[in-house]
Every structure is written in C-alpha cells, then in structure tokens.
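Subject: Handover of a structure and the findings on it

Dear colleague,

Please find below the structure that I am handing over to you. My findings on it follow directly after.

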Amino acid sequence: MSQSKGLPPFELMLDRHGPAIHRFLVARVGADRADDCFQETMIAALRAWEGVRDRAKLRSWLFTIAVNKANDSHRAAARAPVPDDGIEARAAAPGSDPVFERVGGGSADPVWDAVGLLPDKQAAAVTLRFRGDLTHREIGEVLGMSEDAARRNVFEGLKRLRADHAERIRDERTV
C-alpha cells in the first residue's frame with residue numbers, strides 16, 4: 001500500500017482529519033446532507049489514496065475533496081425538483097426565503113445559516129477557517145487561490161457578517 005511513500009494508513013488519516021472535515025461539511029451543506037457528503041468525500045479520497053504525493057499537504061488535499069463534494073451537493077440541491085404541495089403557503093410565510101432553504105438554512109445556529117448566505121468563496125473560506133481549523137495557506141490550497149486571497153475572503157466574509165448583524169440589530173431597534 002502507500003506505506004512505502006510515507007503516508008499513514010487511510011484509517012489513521014480518517015481518525016485524524018475526519019472530525020474536522022465532518023464539522024466543515026455540517027456548516028457548509030447542513031446537518032441533513034453532511035453525512036452523505038462526508039461519505040462521498042471519504043470514498044473519493046480512498047479511491048485516490050495511492051496517488052497522494054505530498055504527505056505535508058494531506059489535510060489540504062482532503063479538504064479540497066470535501067469542498068468539491070459540498071459544491072456538488074449544492075448544485076444537486078438547486079436542480080432537485082420542488083414539490084408543489086404548500087408552496088404558496090410557504091412563500092407567504094414571514095421569513096421564508098428559498099435561497100436560505102437552498103443553502104441548508106434553518107439550523108439551530110443562525111450564525112452558520114448566515115455564513116451559508118455569503119458568496120461561495122467567502123462562505124467556503126470562513127467555514128474552512130472556523131469549522132475546519134485550516135490556516136490561510138491551507139485554505140488557499142483547498143480553494144485554488146493564494147494565501148493572501150484566502151485571507152481576504154475570510155476577512156471580507158467576516159466583515160459582511162458583521163455588517164449584516166449590525167443592520168439586523170438596527171432594524172430590530174426601529175421596530
């Protein structure tokens with residue numbers, strides 16, 4: 001197996017990095033789709049395991065696969081048929097937002113729901129940083145951008161979250 005290349009056994013890698021990847025996927029696609037995305041991520045990683053070249057970048061490599069699987073999940077959810085029953089009632093309900101539902105909103109944590117509404121690169125960067133505990137360099141590797149661009153995406157995402165939060169508080173005070 002890959003032992004000759006200096007790679008840990010796949011099971012050890014799963015024990016070491018699996019929990020962080022799962023946390024990232026829960027934040028990125030929602031708890032209802034995270035397990036399936038995690039499973040797809042690990043299957044893809046196992047299939048490509050023999051081809052891993054750089055042990056130092058193993059964690060980034062795994063998160064890259066997880067990001068791709070999360071993106072696939074979002075695309076599949078956007079293409080999924082929407083049942084007709086009760087659409088008018090849901091659309092008329094206060095606070096209903098089809099975009100919010102599409103990104104896995106409605107979790108017990110409104111902060112991560114708000115992160116899900118950020119532009120894709122910002123949402124992925126913020127989630128990788130705070131749910132995956134990746135460095136800006138690792139985030140750049142995962143998202144195919146420079147470390148500076150990754151840092152900027154995290155910064156802009158947090159800035160937008162703060163602005164949205166401040167706006168929400170102002171709106172609540174004026175009511």
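A salt bridge is counted here when a side-chain nitrogen of Lys or Arg lies within 4 Å of a carboxyl oxygen of Asp or Glu. By that rule, Arg75 and Asp72 form a salt bridge, with 2.4 Å between their closest N and O atoms. Please note that the model is a predicted one, and that the values in this message are computed from it.

Overall architecture

The protein chain contains nine helices and zero strands. Read from the N terminus, its elements follow the order α-α-α-α-α-α-α-α-α. Of the 175 residues in the protein chain, 36% are buried. The chain exposes about 10600 Å², and 53% of that area comes from carbon and sulfur atoms. As for contacts between residues at least 6 apart in sequence, 64% of them join residues at least 24 apart.

Salt bridges

In general, side chains of opposite charge can pair when their charged atoms come close. In this model the count of salt bridges comes to six. Three of these are described here, beginning with the pair already mentioned.

Arg75 and Asp72 both belong to helix H3, where they are three residues apart, about one turn of the helix. Arg75 has a relative accessibility of 44% and therefore counts as partly exposed. Asp72 is likewise partly exposed, because its relative accessible area is 32%.

A second salt bridge joins Arg59 to Glu138, and here the closest N and O atoms are 3.7 Å apart. Arg59 is in helix H3 (residues 58–79) and Glu138 is in helix H8 (residues 136–143), so this pair ties together parts of the chain that are 79 residues apart in sequence. Is Glu138 buried or exposed? With a relative accessible area of 13%, Glu138 is buried, since the cut-off for that class is under 20%.

The third pair is Asp133 with Arg129, whose closest N and O atoms are 3.6 Å apart. Asp133 counts as exposed because its relative accessibility is 53%, whereas Arg129, at 26%, counts as partly exposed.

Helices H1, H2 and H3

Several residues illustrate how parts of the chain that are separated in sequence are placed in space. Phe10 lies in helix H1 (residues 10–29). Its relative accessible area is 8%, so Phe10 is buried. Which residues does Phe10 touch, not counting those up to four places away in sequence? They are Met42, Ala45, Leu46 and Trp49. In addition, the C-alpha atoms of Phe10 and Glu50 are 9.9 Å apart, although 40 residues separate the two in sequence.

Thr41 belongs to helix H2 (residues 31–48). Its relative accessibility is 0%, and Thr41 therefore counts as buried. With neighbours within four places in sequence left aside, Thr41 is in contact with Ile21, Leu25, Leu62, Ile65, Ala66 and Lys69. Among these partners, Ile21 and Leu25 fall within the range of helix H1 (residues 10–29), while Leu62, Ile65, Ala66 and Lys69 fall within that of helix H3 (residues 58–79).

Arg33 also lies in helix H2. At 18% relative accessibility, Arg33 counts as buried, because the class covers values under 20%. The C-alpha atoms of Arg33 and His74 are separated by 9.7 Å, and the two residues are 41 apart along the chain.

Asn68 is part of helix H3. A relative accessibility of 41% means that Asn68 counts as partly exposed. From C-alpha to C-alpha, Asn68 and Cys37 are 9.5 Å apart in space, with their positions 31 residues apart in sequence.

A charged patch on the surface

Finally, I draw your attention to a feature of the surface. Which residues form the negative surface patch? The patch consists of Asp164, Glu167, Asp171 and Glu172. Of these, Asp171 lies in helix H9 (residues 147–174). Asp171 has a relative accessibility of 43% and so counts as partly exposed.

With kind regards

Definitions and conventions:
Residues numbered from 1 in each chain as written. Predicted model: local features only at pLDDT ≥ 70, side-chain atom pairs only at ≥ 80, totals over all residues. Heavy atoms only, no water. Patch = residues over 30% accessible without salt bridge, like charges linked within 9 Å, V, L, I, M, F, W, Y side chains within 5 Å. Areas by Shrake-Rupley, 256 points an atom, 1.4 Å probe, with all protein chains shown as cover. Lys, Arg positive; Asp, Glu negative; His and termini not counted. Charge placed at Lys NZ, Arg CZ, Asp CG, Glu CD. Helix = DSSP H or I, 4+ residues; strand = E, 2+ residues; numbered from the N terminus. Buried < 20%, exposed > 50% of the residue type's maximum accessible area, 1.4 Å probe, protein only. Contact = heavy atoms within 4.5 Å.
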